[in-house]
Amino acid sequence: MPPELGPALAVTFAGRPAHMSAVDFVLWQRFRRLFPPVFDRLYFDVAVGPGAAGAPDTPDNVAAAWQRITRHRIDVVGESPSAWILIELRAAAGPGALGSLLVYRDLWLADPPDARPIRLWLVTDIFPDALKPSLDAASIRLFLV
């Protein structure tokens, strides 16, 4: 199932996205102030992966809603003419943040919207030095904010 991007927003969008937590929003605001955008459009709460099927005999509308809410969610996707950028916002990030990005990458690549390459970015306030080799091995770019 292809990513469900939702509405495209300009990189100048300064509001709080609908499903973004308060903690993630603080990280996002810091990131936007410190790093100029390298993408043209933004998408928030991007659904990837197939989601779970509804139970047998579930009405179609309920089954569709269940499938939608059980898909995995990428916090932010940036789009440029040359690449897609999958962004995980995570306070005090650890191994789980890396795992999330790797899962998002694999789900995205299972049915990509087009042939542009993807980049993985982690935006956090704290990150342990011991995990930095894992970032490098997975080609994940770290942004400390």
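**Trp-108, helix 3 and the core**

Q: What does Trp-108 touch in this predicted model, leaving out residues up to four places away in sequence?
A: Trp-108 touches Pro-3, Leu-5, Val-46, Val-48, Ile-74, Val-77, Trp-84, Leu-86, Pro-113 and Ile-118. To count, heavy atoms must lie within 4.5 Å.

Q: What makes the largest set a nonpolar core?
A: Such a core needs buried residues of listed kinds, Val, Leu, Ile and Trp among them, joined through side-chain atoms within 4.5 Å. The largest one has 22 residues. Those that touch the most other members are Val-46, Ile-74, Val-77, Leu-86, Trp-108, Leu-122 and Ile-140.

Q: Which elements give two or more residues to this core?
A: They are strand 2 (41-48), strand 3 (72-79), strand 4 (84-89), helix 3 (95-110) and strand 5 (118-124). Helix 3 gives the most, with 5 residues.

Q: What other core is there?
A: A second, separate core has 16 residues, including Met-20, Phe-31, Ile-85 and Phe-143.

Q: How do you know that the span of helix 3 is close to the expected one?
A: Helix 3 has 16 residues, for which 22 Å is expected at 1.5 Å a residue. From first C-alpha to last, helix 3 reaches 23 Å.

Q: Why are the buried residues of helix 3 said to line one face?
A: Buried means under 20% relative accessible area. In helix 3, Ala-97, Leu-98, Ser-100, Leu-101, Tyr-104 and Trp-108 are buried. Seen down the axis, the buried residues of helix 3 fall within an arc of 160°, so they line one face.

Q: What does the face turned away carry?
A: That face of helix 3 carries Pro-95 and Ala-110, both exposed.

Definitions and conventions: Residues numbered from 1 in each chain as written. Predicted model: local features only at pLDDT ≥ 70, side-chain atom pairs only at ≥ 80, totals over all residues. Heavy atoms only, no water. Buried < 20%, exposed > 50% of the residue type's maximum accessible area, 1.4 Å probe, protein only. Helix = DSSP H or I, 4+ residues; strand = E, 2+ residues; numbered from the N terminus. Expected span 1.5 Å × (residues − 1). Arc of directions from axis to C-beta.
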